[in-house]
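Let's walk through a protein model together, one part at a time. Keep the picture in view as you read, and turn it whenever a new residue comes up.

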Amino acid sequence: PGKYLSDKDFFQDKYRGNVTAPPWPTECLWCPAGEYNIVEGATSCVQCADGKLSSVDRASCVDCPAGAYTSPKVCTACPTGKYAPVAQLECFDCHAGDYTNNKASGAKVCLPCPAGYYCPAGSATFSSCSSGKYTTGTASACINCPGGQYQNSANLASCKACPAVRVIVAACKQDFVVMACS
């Protein structure tokens, strides 16, 4: 299993015409990548189905592992920003609000974007939210702080309420409470 008997053309090539008539030498060769054989003495191998590749011993076809896709006859790790939860013919982009680790390929799952950061679809890493903006996690974009709130630091999950400031207007002999930011 996993091998096949080579043919006359192979041997004439291999031995450069030195063997021109039967009996041909018999030599078993490994099935090529992407093919298999389970019959002893077979003269050819069988192509693996789409999405499968030959096992190491070429006696069967197997799926690529999760985190990889089948490109012609080999398993290829999903690039960063993409994932494959099971063997696939292709990898999928991480959804907006998720990312993969930008230092490693072959992701089986995408990770949720941490609070204070945002992750557009297909992200290999998370991006910072600047001051004046926030996210609560799993976001595809940063959100501006609403009126009456502010954020003076980057990468935070919420905004702060503006402090109230007491203003006394002497001419009116009245005091007002106003927000320090808006």
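Start with a stretch to treat with care: over residues 175-179, pLDDT (the predictor's confidence in each residue, from 0 to 100) stays under 50. For these residues the model has 16 contacts beyond four places in sequence, where a contact means heavy atoms within 4.5 Å. Confidence in the protein is lowest in strand β20 (residues 174-179), with a mean of 49, and highest in strand β10 (residues 92-93), at 92. The mean pLDDT of the protein is 78, and 74% of its residues reach 70 or more.

As those scores suggest, this is a predicted model, in which local features need pLDDT of at least 70, side-chain atom pairs count only at pLDDT 80 or more, and totals for chains, interfaces and linings use all residues. Residues are numbered from 1 along each chain as its sequence is written, and side-chain values use heavy atoms, with hydrogens and water left out.

Now for the overall picture. The secondary structure comes to 1 helix and 20 strands; helices (H or I, at least four residues) and strands (E, at least two) are DSSP runs, numbered from the N terminus. Of the 182 residues in the protein, 27% are buried. Buried means under 20% relative accessible area, exposed means over 50%, and partly exposed lies in between (1.4 Å probe, protein chains only). Among contacts with a separation of 6 or more, 30% are between residues 24 or more positions apart.

Next, look for the sulfur links. A disulfide is a covalent bond between the sulfur atoms of two cysteines; here a pair of cysteine sulfur atoms counts if they are within 2.5 Å. A search of the whole structure finds 8 disulfides. One of them joins Cys-48 to Cys-61, with 2.0 Å from S to S. The torsion about this S-S bond of Cys-48 and Cys-61 is about -85°, so the disulfide is left-handed. The pair links distant parts of the chain, 13 residues apart: Cys-48 is in the loop between β4 (46-47) and β5 (52-54), and Cys-61 is in strand β6 (residues 61-63). Cys-48 is buried at 7% relative accessible area, while Cys-61 is partly exposed at 24%.

Another disulfide joins Cys-78 to Cys-91, again with a listed S to S distance of 2.0 Å. With -80° about the S-S bond, the link of Cys-78 and Cys-91 is left-handed. Cys-78 lies in the loop between β8 (74-77) and β9 (82-83) and Cys-91 in the loop between β9 and β10, so the pair ties together parts that are 13 residues apart in sequence. Both Cys-78 and Cys-91 are buried.

Further along, which rings come together? A pair of aromatic rings is described by the distance of the centres and the angle of the planes. Rings of Phe, Tyr and Trp (its six-membered ring) pair if their centres lie within 6.5 Å; planes under 30 degrees apart count as stacked, over 60 as edge-to-face and the rest as tilted. The search of the whole structure finds 3 aromatic pairs. The rings of Tyr-99 and Phe-126 have centres 5.1 Å apart and planes at 85°, so this pair is edge-to-face. Tyr-99 lies in strand β11 (residues 98-99) and Phe-126 in the loop between β13 (117-118) and β14 (127-128), so the pair ties together parts that are 27 residues apart in sequence. Phe-126 also forms an edge-to-face pair with Tyr-117, at 4.8 Å centre to centre and 70° between the planes. Tyr-99, Tyr-117 and Phe-126 thus make up one aromatic cluster. In this cluster, Tyr-99 is buried at 13% relative accessibility, whereas Phe-126 is partly exposed at 30%.

Finally, find Thr-135, in the loop between β15 (133-134) and β16. Is Thr-135 buried or exposed? Thr-135 is buried, with a relative accessible area of 0%. A polar atom of its side chain lies 2.9 Å from the backbone nitrogen of Gly-116. Leaving aside neighbours within four places in sequence, the contacts of Thr-135 include Tyr-117, Cys-129 and Leu-156.

Definitions and conventions:
Polar contact = N/O pair within 3.5 Å; in protein donor to acceptor, adjacent residues only side chain to side chain.
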